[in-house]
Amino acid sequence: MKNKNHRRSIGEMLGAPADAIKGVPRVSISGFTQVLLENHAGLVGYCRDSVEVRARNGFLRVRGQDLELAAMTKTEIIIRGIIVSVEQG
Amino acid sequence: MARISDCLRGYAELKAVGAEPARLLNACLELGVDFWNVYPEDAYTIYFNCRLKAAKAVQALENQSGCEIELLEKRGAPIFARRLRRRFVLWFLPLVLLIVLLVSSLFVWRIDIEGNEKVSDIEIMNALEDSGVYLGSFSLNYSSDLIRNQLLLKLPKLKWACVSVFGSRVQIKVREREEIPKLYIASEEKNIIAKQAGIIESIRALQGNPLFIKGQTAVRGDTLISGILPSVSGPTRIVHALGSVRARTWYEICAVMPMEYEEKVYTGAEKNRFALELGDNRINFYHNSGILEVNCDNIISEYSLGIEGLFQLPVSLVHIVSKSFETRRLSFTETEARAALESALNLRLAQSIGEDGEITSSEITFCVSKGRAIATLRAECKQNIAAEAPMSPEEINQATTKKEQINQ
């Protein structure tokens, strides 16, 4: 934990963007119908209304309607459906 | 909806039922198995797709993930191909067809000829056949330059030809030689004669000796301007007579036409016949192949196998529709008959007097007799009646004798 905080503070000191730091989860929403989650650490729960994904420092929860895991790899998840919110927990 | 790439590579549809289906998905990720279209039916059941090769590996994760995994279906091109392997005919016939298509595209099955008006297609086809280009010949042997040269040598009426080979279609474009215009050859021994009887109004002799003067009557065949030029001081000369003679001419042309004519009325009865043409051979799917029915119109449509403009196979389906009809006799009205005859007579007169002729007066009489319409055109015209005619041997001999006598 200490190590991770150090890494973040060094990044902040250098003025580097957050997504340049290795392993930081990245969320991209396209047109309210697709969410791309990068650098996830596994799926926690999945139903039609929400998808919960484990991230580096916690969880990410995508809420919506008719959600579907369009594709999933070790580092990326594509979720399709009507996206209502993306929450960090 | 399945993506094209998935369909081509093949995929398996799986169903997982368990307390935590997400564990199975995470296990798949750990194993490096790609999956997509994950659909949760409820909190304990999910459906998803994965590659065919990975399906067994996913099923092996049953114990690890605590889920019951069922392989629902395998889909895609590899599965389809595997099914076809047993159905020999289904893949063998398309393969044979493909081979036939490829082989047949090396042969000529259609020859298109463009640009010919006076030289007939048959003449060109015969010349091509002599050069080795005919239906069914091997197109890879062709040399366009050689064929073109042989074609031009065999058909001197052609001045230019182009041979293009498009797969099984050969396109021949030709240009014909223009006819050499009639030349005035001064050394030719010719007279000017009257092509029509008439009273001469003017005579213009550019070369030769005019034998008529204004007001005289010339009958058809009279020599108007002679090519023999007698001379008082020198020898008699024989020249090519040249000039024009304008004269008043009279015409009486008669035209007859029947007042009744037959009109076709289709009865509505139709007969369809089919035939298959394979190269030069024809297979008829009907009896009495060569006998066409009486009182029927035969409309023949031909549908060739191939892609228009790209290649043509020697297979075509011929569809013959025979539409039967009855004839009924109808009559022209006098006005119609008169108009038709007048038009025909005026056209005939215009052809007779030529482009520079003019009609001074004309009158048409019309009568109907014994079911026939008769029209007579009487016209007075002014026209050039001069026509070139070669001198007779007697005339030439006579002139030559005179010439020799004067020389002695």
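Visitor: Why is B:V174 called buried?

Guide: Buried means under 20% relative accessible area, with exposed over 50% and partly exposed in between (1.4 Å probe, protein chains only). B:V174 comes out at 0% relative accessibility, so B:V174 counts as buried. B:V174 lies in strand 7 of chain B, residues 169-176; a strand here is a DSSP run of E with at least two residues, a helix a run of H or I with at least four, both numbered from the N terminus. Keep in mind that this is a predicted model, where local features need pLDDT of at least 70, side-chain atom pairs count only at pLDDT 80 or more, and totals for chains, interfaces and linings use all residues. Residues are numbered from 1 along each chain as its sequence is written, chains are lettered from A and ligands numbered from 1 in the order in which they are written, and side-chain values use heavy atoms, leaving out hydrogens and water.

Visitor: Which residues is B:V174 in contact with, leaving aside its neighbours within four places in sequence?

Guide: Contact means heavy atoms within 4.5 Å. Among the residues that pass are B:E114, B:I124, B:L151 and B:W160.

Visitor: And what makes B:D297 count as buried?

Guide: B:D297 has 17% relative accessibility, which is under the 20% limit, so B:D297 counts as buried. You'll find B:D297 in strand 18 of chain B, residues 296-307.

Visitor: What makes the link between the side chains of B:D297 and B:Y266 a polar contact?

Guide: For that you need a pair of N or O atoms within 3.5 Å; within protein, one must be able to donate a hydrogen and the other to accept it, and residues adjacent in sequence count only if both atoms are side-chain atoms. The link between B:D297 and B:Y266 is 2.4 Å, so the distance fits and this is a polar contact.

Visitor: How many salt bridges does the rule find across the interface of chain B and chain A?

Guide: Zero. A salt bridge would need a side-chain nitrogen of Lys or Arg within 4 Å of a carboxyl oxygen of Asp or Glu. The rule does find six residue pairs in polar contact across that interface, both residues at pLDDT 80 or more.

Visitor: How do you know that strand 5 of chain A and strand 2 of chain B pair?

Guide: Two strands pair if DSSP finds at least two bridges between them. Three bridges join these strands, so they pair, and they run antiparallel. In strand 2 of chain B, B:W36 is the bridge partner of A:A71.
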